[in-house]
Amino acid sequence: MTARPAGVLEAVERVGGVLLRALAVLTFVYLLLPIAVIVGASFTASDFLAFPPRGLTLRWYWTFTQTPGWLDSFTLSLELAAATTGLATAIGVPAALALARSRFRGQRLLSGLFLSPLVLPQVVLGVGLLQYLTLLGIARTFWAILIGHVLLTLPYIIRSVMATLAGVDPALEEAAADLGASPPVAFLTVTLPVIQGGVIAGALFAFVISWTNVEVTMFFTTSRLNPLPVNIMNYIAYNVDPLVAAVSAASVYVSFVVLLLIDATVGLDRFAETRPR
Amino acid sequence: MSDDAVRPRARWRLLLPAVAVMLLFLVPTVASILVGSVVEHKQAPGHPTAENYLRFLGDRYYLGTLGFTLRISLVTTLCALLLGYLVAYYLVRSVRSRAMRRLAYLIVVAPLFTSSIVRSFGWMVSLGNNGIVNRTLLDLGVVERPVRLIFNEAGVVIGLTHVLLPFTVLTIAAVLQQIDVSLEEAAMDLGASRLVTFLTVTLPLSLPGVVAGSLIVFTLAMSAYVTPAVLSGGRLKVVPMLIYEQYVAVYDWGFGGAMAMLLLALTLLLTSVYTRFLRTV
């Protein structure tokens, strides 16, 4: 009487296990599909967009490098991402240090303020910034986009560094200070090496957020000031061709270099655990 | 002694750049939408009025768009939760080898590193009548003629779920990882089947991850612009698309600002009600 239900149960569980695996694999395919399709289509030898590609060629990448508009977009986006990373790291790391290592009144309010861009819908951040910076007379400039990206990425760096600091004994830095190290020296020789992982993860993530952002950036672009993702968006509203697939694929390659850098330096699984947001 | 007296002030100084950025840019940004939305209006501009808000709330078209945005966000959140839980559970409980787990994490995180426009473009190419998805379904004999998957609600949900899935996978996986496996083993030793163990032990313990994941996904879905715009071909409007139009094409900043404020308020309201509701349950 007991043998049979147990056998049935076992069979059900085995089927369930296979089903779980199959569904998980299908979801992995779903996650990769649109990226794989764009990268694949960028190599097509045909004059129209095709996936699977018809024949293999690099000619669309060549066309991309020969098109001034696209190339300008590409370098503009690189410059923006680099500037955003530098600024947000320079502002965010000290703030994270102060927040994690001291107690003062209004601390919760302050860290709430620092992290608030996370809950602000990006479109709302974009329009508000457009309105305010128009008042200041710097809307539709490089600076406007840079300010938007810094606001967007600051919370990620602060969180990432704070998460790393949470696992570090403050006594380490105090010992350095007791042994006569000045604050800058203690920071460079003791604190920085310890929080390195959090800083790198936060900085790399900031780079990618800036590199891929559309929702805030699109409010500040002009025909001359046209970062890559926004340029792609405006282009595919009217044409879809292998050239824009090559441009999109190039954007993916830059992102994936950063992704692999995170995997190599911080480790993706650790990054996922302390992942900001 | 003197060190202790100096240090707090030194630390305070570390906060100055961040505080300056927030006070110079973030606070005025939100304030200017708020002020603009009650001051900029067609009749008698300059005096505060609720006109822009009443115009939105009194119009069926706008309310319908808000309802559609809500519906799409809820459906997307549900899809992302289901798939996200599945993948997270598989990742944490079934993937044994380190190399495989690393690969799985790479696949999950990769979309996060890809611009939403590139992903939407990828779906645009994949979901058409001649796209890879329909061709595969036809070849497998699942369908007899191409299914309409793009320029409609289905396309938007497929694309939005893709954009937001990594967030649920990562949040739920982080929580699942912290659950002590011996709890599940104990339940099974006491005779519970795997399914019963999952329903009575694992699932309740993982609820914080489910809650956190769904909050993130819902908030991001409510404010998504690119994916709905591209995958509906502009045919279905969501509130962020209306806001963009008002700011960039119509130049009615007061009305656009009112919509932005309503979107922000509704999102905050729903998420806080949801967390409070869950806390009392």
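## Leu70(B) and its distant partners

At 23% relative accessibility, Leu70(B) counts as partly exposed, since that value falls between the 20% limit for buried and the 50% limit for exposed. You can find Leu70(B) in helix 3 of chain B. Keep in mind as you look around that this is a predicted model.

What does Leu70(B) touch, leaving aside residues up to four places away in sequence? Its contacts are Phe218(B), Met222(B), Leu266(B) and Leu270(B). Try tracing the chain from Leu70(B) to Ala221(B) as well: these two are 151 residues apart along the chain, yet 8.7 Å separates their C-alpha atoms.

## Aromatic rings in chain B

Across all chains, the count of aromatic pairs comes to 19. Take Tyr85(B) and Phe198(B): their ring centres are 5.7 Å apart and their planes meet at 85°, so this pair is edge-to-face. The cut-off behind that name is an angle over 60 degrees. Tyr85(B) belongs to helix 3 (residues 60-94) of chain B and Phe198(B) to helix 9 (residues 194-222) of chain B, so the pair ties together parts that are 113 residues apart in sequence. Tyr85(B) itself is buried, because its relative accessibility is 11%, and buried means under 20%.

Another spot to visit is the aromatic cluster formed by Phe56(B), Tyr61(B), Tyr62(B) and Phe255(B). One of these rings has a charged neighbour: Arg55(B) lies over the face of Phe255(B), 3.7 Å from the ring centre.

## Glu184(B), tucked away

Is Glu184(B) buried or exposed? Glu184(B) is buried, because its relative accessible area is 7%. This residue is part of helix 8 (residues 181-189) of chain B. Not counting residues up to four places away in sequence, Glu184(B) touches Arg93(B), Ile179(B), Thr197(B), Val201(B) and Thr202(B).

## Helix 7 of chain B

Helix 7 of chain B runs over residues 153-178. Here is a nice check to follow: at 1.5 Å a residue, its 26 residues should span 38 Å, and the end C-alpha atoms are 37 Å apart, which agrees. The arithmetic uses one less than the number of residues. Of those 26 residues, 20 are buried, so helix 7 of chain B is largely enclosed by the rest of the structure.

Two details are worth finding along this helix. At its start, a side-chain oxygen of Asn152(B) comes to within 3.3 Å of the backbone nitrogen of Ala154(B). Further on, helix 7 of chain B has a kink of about 40° at Leu164(B), shortly before the proline Pro166(B).

## Unusual backbone spots

Most residues other than glycine have a negative phi, and most peptide bonds are trans. Which peptide bond is cis, with omega near -5°? That bond runs from Phe51(A) to Pro52(A). Look for Pro52(A) in the loop between helix 1 (3-41) and helix 2 (59-66) of chain A.

Two other residues stand out for their phi. Arg140(A) is not a glycine, but has a positive phi of about 60°. Its place is in the loop between helix 5 (122-136) and helix 6 (142-166) of chain A, and Arg140(A) counts as partly exposed at 35% relative accessibility. In chain B, Phe151(B) also has a positive phi, near 65°. Phe151(B) sits in the loop between helix 6 (132-140) and helix 7 of chain B, and at 28% relative accessibility Phe151(B) counts as partly exposed.

Key:
Residues numbered from 1 in each chain as written. Chains lettered and ligands numbered in written order. Predicted model: local features only at pLDDT ≥ 70, side-chain atom pairs only at ≥ 80, totals over all residues. Heavy atoms only, no water. Helix = DSSP H or I, 4+ residues; strand = E, 2+ residues; numbered from the N terminus. Buried < 20%, exposed > 50% of the residue type's maximum accessible area, 1.4 Å probe, protein only. Contact = heavy atoms within 4.5 Å. Phe/Tyr/Trp six-rings, centres within 6.5 Å; stacked < 30°, edge-to-face > 60°. Lys NZ or Arg CZ within 6 Å of the ring centre and 35° of its normal. Bend = angle between axes of the 7 residues up to and from the residue. Polar contact = N/O pair within 3.5 Å; in protein donor to acceptor, adjacent residues only side chain to side chain.
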